[in-house]
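Thanks for coming. I have one structure to go through, and I will keep to a few local details.

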Amino acid sequence: MPDELMPIGEFARRSGLTASALRFYADTGVLLPAEVDAATGYRYYAGEQVERAGVLRRLREIGMPLAPVLRVLEGDPAEAVRLVREHAEAVAAEAVLAQRTAAELEAAFGGAPEVAIGAVRGPVLAAAIEQVLAATAVDPGLPVLNGVCLEALPDAVILTATDRYRLSTRTIAPAEAPASSWAGTVAGVDLRAAVPEIRRTPVVALRATGHRIGLGAQSCRVLPEEFPDYRGMLATLAAVGTRVTVGRDALLRALEEHRGSDIELRAAAGGPAPGATSPPAVGDPAGGITASGELRIGGTALPATVTGTPCTLHFDPAILHPAVATAIGPELLLDLRGPTQPITLRSADRGDLTTLAMPIHPRNGAP
């Protein structure tokens with residue numbers, strides 16, 4: 001066997017597909033092995049096939065049938081994008097239809113009466129849903145982590161999600177104050193499918209009916225599991241030792257340009273270090289903000305307002321980047337509590353968004 005080939009078991013581990021799935025895809029002509037031993041029938045795969053197998057796995061995860069999967073894998077990039085978009089739109093349409101049908105059936109079977117719980121502006125609600133969905137996780141053992149806690153209060157609508165390493169909570173002002181308070185954990189997959197229609201609706205009426213919540217014309221499941229006591233967790237956080245105000249766009253750009261398996265974040269009061277290159281931040285007409293310190297992302301120094309003690313933390317890019325990317329408004333306020341404590345990222349614009357992100361140990365990458 002040539003050195004560059006690997007047996008089906010190893011290829012299964014590297015591609016994320018099971019050996020039985022690989023045999024199925026080989027027998028259907030979608031992913032053929034690079035070589036089959038004529039005597040034993042053992043199948044061997046080449047290293048360059050791992051990427052194709054990964055794309056295949058992701059296409060099947062979104063439910064794409066084999067015929068279009070093969071067209072995606074064999075076609076040019078433009079054709080692949082078109083096919084994936086068409087499939088996603090079809091799946092979303094089916095989900096909307098299923099939600100409406102389920103709501104109608106529930107009403108027909110004598111479900112609980114509908115309760116009006118206020119209204120919010122559609123574009124603002126759609127953006128808030130997308131922002132907190134970044135902090136959800138798919139965990140069969142804990143389905144509540146793929147849900148969003150929605151709370152309708154007299155003066156605010158609050159959406160909260162967590163994957164145990166991040167927690168995002170978004171507060172928006174209601175367009176119509178709730179007649180009564182309501183809280184429940186809404187299925188994240190239903191919210192994701194409902195976002196396009198919600199965004200197109202100027203004002204979305206919120207109404208609860210049994211185990212579902214209506215968002216305008218959309219109906220989403222309410223999960224039976226209780227959402228974690230995030231307020232209790234927030235109340236037990238350690239005191240803030242360092243506070244940083246920095247331009248959101250400048251910080252996001254530094255994170256996107258960073259190379260490395262972890263991100264070192266250092267904050268210190270006082271002027272920037274001699275010779276530091278500081279890209280302009282947002283806020284000042286001249287292109288920068290008044291800086292009484294600096295925030296360093298790896299080797300990049302950003303002008304910032306820093307109070308408190310110097311602090312250095314390390315983050316997994318997959319945790320920190322979404323927390324910054326979903327922030328709202330031009331400025332971001334960072335509350336640092338030490339290298340092993342969660343960092344709080346706060347921003348405000350038509351409401352506020354608060355996200356907690358856990359740092360990692362720089363040696364092993366564990367939270």
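I start with a side-chain pair: Glu 294 and Arg 296 are in polar contact through their side chains, at 3.4 Å. Keep in mind throughout that this is a predicted model. Glu 294 belongs to strand 14, which covers residues 293–297. Is Glu 294 buried or exposed? Its relative accessible area is 8%, under the 20% cut-off, so Glu 294 counts as buried.

Strand 14 also takes us to Thr 305, by way of Gly 293. The C-alpha atoms of Thr 305 and Gly 293 are 5.5 Å apart, with the two positions 12 residues apart along the chain. Thr 305 itself sits in strand 15, residues 300–308. With a relative accessible area of 30%, Thr 305 is partly exposed, because that class runs between 20% and 50%.

Next, a sheet at the other end of the numbering. It is an open sheet of 3 strands, antiparallel in its pairing, and the order is 1-3-2. Which strands are at the edges? They are strand 1 (5–7) and strand 2 (35–36), each of which pairs on one side only. Strand 2 and strand 3, the latter being residues 43–46, run antiparallel and are joined by 2 bridges. In one of these, Val 36 has Arg 43 in strand 3 as its bridge partner. Helix 1, residues 8–15, packs on this sheet and touches strand 1 and strand 3. The direction of helix 1 makes about 95° with that of strand 1.

That brings me to the aromatic rings. How many aromatic pairs are there? The count is 3, and I will describe two of them.

In the pair Phe 11 and Tyr 45, the ring centres are 4.4 Å apart and the planes are at 10°, so this pair is stacked. Phe 11 is in helix 1 and Tyr 45 in strand 3, so the pair ties together parts 34 residues apart in sequence. Phe 11 is buried, at 0% relative accessibility, and Tyr 45 is buried as well, with a relative accessible area of 0%.

The other pair is Phe 227 and Tyr 230. Here the ring centres are 6.3 Å apart and the planes stand at 80°, so the pair is edge-to-face. Phe 227 counts as buried at 9% relative accessibility, and Tyr 230 counts as buried at 7%.

That is what I have. I can put any of these residues back on the screen.

Definitions and conventions. Residues are numbered from 1 along each chain as its sequence is written. This is a predicted model: local features need pLDDT of at least 70, side-chain atom pairs count only at pLDDT 80 or more; totals for chains, interfaces and linings use all residues. Side-chain values use heavy atoms; hydrogens and water are left out. Helices (H or I, at least four residues) and strands (E, at least two) are DSSP runs, numbered from the N terminus. Buried means under 20% relative accessible area, exposed over 50%, partly exposed in between (1.4 Å probe, protein chains only). Two strands pair if DSSP finds at least two bridges between them. Contact means heavy atoms within 4.5 Å. Axes are lines fitted to C-alpha atoms, for helices over the stretch in contact, and angles run from 0 to 180 degrees between N-to-C directions. A polar contact is a pair of N or O atoms within 3.5 Å; within protein, one must be able to donate a hydrogen and the other to accept it, and residues adjacent in sequence count only if both atoms are side-chain atoms. Rings of Phe, Tyr and Trp (its six-membered ring) pair if their centres lie within 6.5 Å; planes under 30 degrees apart count as stacked, over 60 as edge-to-face and the rest as tilted.
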